[in-house]
Amino acid sequence: MASLDYSGCKIEYVIKGGKAEITGCSESKGRVILPDTIEGLPVNSLTRYSLANLRQAEEIILPSGLEGIGSLAFYNDRGLKRLDLPKNVYRIGGDALKNCDGIREVVIRSERLLRYVLDELLQELIVVFKDENDRILWKLLFPVSAESFSEDVPGRTFHRTFTGPGYTYRRETAGSSVSFKRYDGLFKRTFEEEAAEDLCLLAVCRLVYPYKLENDAKEFYSRYIEENAFTAVKGFTDKGLFSEIEYLTENRLIPPKAAEEAADYARQRGNAEILSRLMDYRLKNFKPEKKTFEL
């Protein structure tokens, strides 16, 4: 086993069959960047526990030619917020993402990875699919799925149970490929189970990237956003989702009163970029009320 210093990290590796395997990585804050090649050879796999316990790493840039990821490779990387899986990844070992409960977004380039990602990550999760030109084709939010265990005492066996809208979204819409019609059809069924802020993000993800989005679903999503516009902008402001707010303003989905409340909220939060966007939106779309005086 050998090692090298790369982009602020100590990378451990082995050479096998003319390719490099990463076997370990030292702790690093913020972003971890892994090399595409080592000793002039392509890095094609991550071994078991190779990137485990990087608790302060928020993003890990994987080798572009990566093909295989070993079991428990990212184990306990609780600080990880986003993961971008290269297009050639075809094999991911069991529990590779175990205890990665901080991940909020995963980028995939093959739908065959979708089922694995959703089974591993039960938290609220945005899955982004990119095509062969690295353009976003679709972006879907999957709500949190609750997990519980029960014991059958006589048989000394445990049963794993999943509940909540997140489980329904995962099981009814995402198999080897996504059923967008079923995904959109579930929206009305989740009103009582899911927070309005989360539903707004789900709706906007579909509207911004309307892959296989039928007109009636588009109208329903848009109407829901208009009726909950302040909640939507408030949630996006808290999460720093500027492009989602841009979409709402460009498509005039924020009514006057909600726009005023949203601008006040952005001002309170000290978010100058969003405040400026909302002020411009109000100026362009809503005429100020004329004051009249009686003599």
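User: In which handedness of crossing does H6 pass H8, and how do the axes of the two helices lie?

Analyst: In this predicted model, the axes of H6 and H8 come within 9 Å and cross at roughly 20°. Angles under 35 degrees count as roughly parallel, and that makes H6 roughly parallel to H8. The contact is made by residues of both helices, among them Ala-229, Phe-230 and Val-233 of H6 and Ala-258, Glu-261 and Tyr-265 of H8. As for the handedness, H6 passes H8 in a crossing that is right-handed.

User: Which residues of helix H6 are buried, and which helices are included in what covers them?

Analyst: Within helix H6, which spans residues 229–239, the buried residues are Ala-229, Ala-232, Val-233, Gly-235, Phe-236 and Thr-237. What covers these buried residues includes helices H4 (196–208), H5 (215–227), H7 (242–250), H8 (256–269) and H9 (272–285).

User: Which residue just after H6 takes a positive phi, and of about what value?

Analyst: Most residues other than glycine have a negative phi. The residue asked about here is itself a glycine, Gly-240, placed just after the end of H6, and its phi is positive, at about 70°.

User: How does H4 lie relative to H5: roughly parallel or oblique?

Analyst: The two helices pack with their axes 9 Å apart and at an angle of about 140°. Angles over 145 degrees would count as roughly antiparallel, and H4 passes H5 in a left-handed crossing. Residues that make the contact include Leu-199, Cys-200 and Leu-202 of H4, together with Tyr-221, Ser-222 and Ile-225 of H5. The angle of about 140° makes H4, relative to H5, oblique.

User: Where do the buried residues of H2 fall when the helix is seen down its axis?

Analyst: The buried residues in H2 are Pro-165, Gly-166, Tyr-169, Arg-170 and Thr-173. Seen down the axis of the helix, they fall within an arc of 140°, so they line one face of H2. They pack against helix H1 (114–120), strands S12 (125–130) and S13 (136–142), and also H3 and H4. The place asked for is therefore one face of the helix, within an arc of 140°.

User: What kind of aromatic pair do Tyr-169 and Tyr-183 form?

Analyst: By the rule that ring centres lie within 6.5 Å, the count comes to 11 aromatic pairs. In the pair of Tyr-169 and Tyr-183, the rings are 5.0 Å apart centre to centre, with 65° between the planes. This pair links distant parts of the chain, since Tyr-169 is in helix H2 and Tyr-183 is in helix H3 (residues 180–185), 14 residues apart, and both tyrosines are buried. With planes over 60 degrees apart, the pair formed by Tyr-169 and Tyr-183 is edge-to-face.

User: How many degrees lie between the planes of Tyr-281 and Phe-286?

Analyst: Tyr-281 is buried, because its relative accessible area is 4%. Its ring and that of Phe-286 form an edge-to-face pair, 5.5 Å centre to centre, and the angle between the planes is 90°.

User: Which residues are linked by ring pairs into a cluster?

Analyst: Aromatic rings can be followed from one pair to the next. In this model, the cluster linked by ring pairs is made of Phe-129, Trp-138, Phe-180 and Tyr-211.

User: Is Asn-76 buried or exposed?

Analyst: Asn-76 lies in the loop between strand S8 (68–69) and strand S9 (82–84), and although it is not a glycine, it has a positive phi of about 70°. Its relative accessible area is 6%, and the cut-off for burial is under 20%. Asn-76 is therefore buried.

User: What is the relative accessible area of Asn-99?

Analyst: Asn-99 is found in the loop between strand S10 (91–92) and strand S11 (105–108). It is not a glycine, yet its phi is positive, at about 65°. Asn-99 is partly exposed, with a relative accessible area of 25%.

User: Which residues is Arg-115 in contact with, leaving aside its neighbours within four places in sequence?

Analyst: Arg-115 lies in helix H1, and with a relative accessible area of 19% it is buried, the cut-off being under 20%. Leaving aside neighbours within four places in sequence, the residues in contact with Arg-115 are Arg-170, Arg-171, Ala-174 and Gly-175.

Note on methods:
Residues numbered from 1 in each chain as written. Predicted model: local features only at pLDDT ≥ 70, side-chain atom pairs only at ≥ 80, totals over all residues. Heavy atoms only, no water. Phe/Tyr/Trp six-rings, centres within 6.5 Å; stacked < 30°, edge-to-face > 60°. Helix = DSSP H or I, 4+ residues; strand = E, 2+ residues; numbered from the N terminus. Buried < 20%, exposed > 50% of the residue type's maximum accessible area, 1.4 Å probe, protein only. Contact = heavy atoms within 4.5 Å. Arc of directions from axis to C-beta. Axes fitted to C-alpha atoms, helices over the stretch in contact; angles between N-to-C directions. Parallel < 35°, antiparallel > 145°, perpendicular 65-115°, else oblique. Left-handed = near helix turned anticlockwise from the far one by under 90°.
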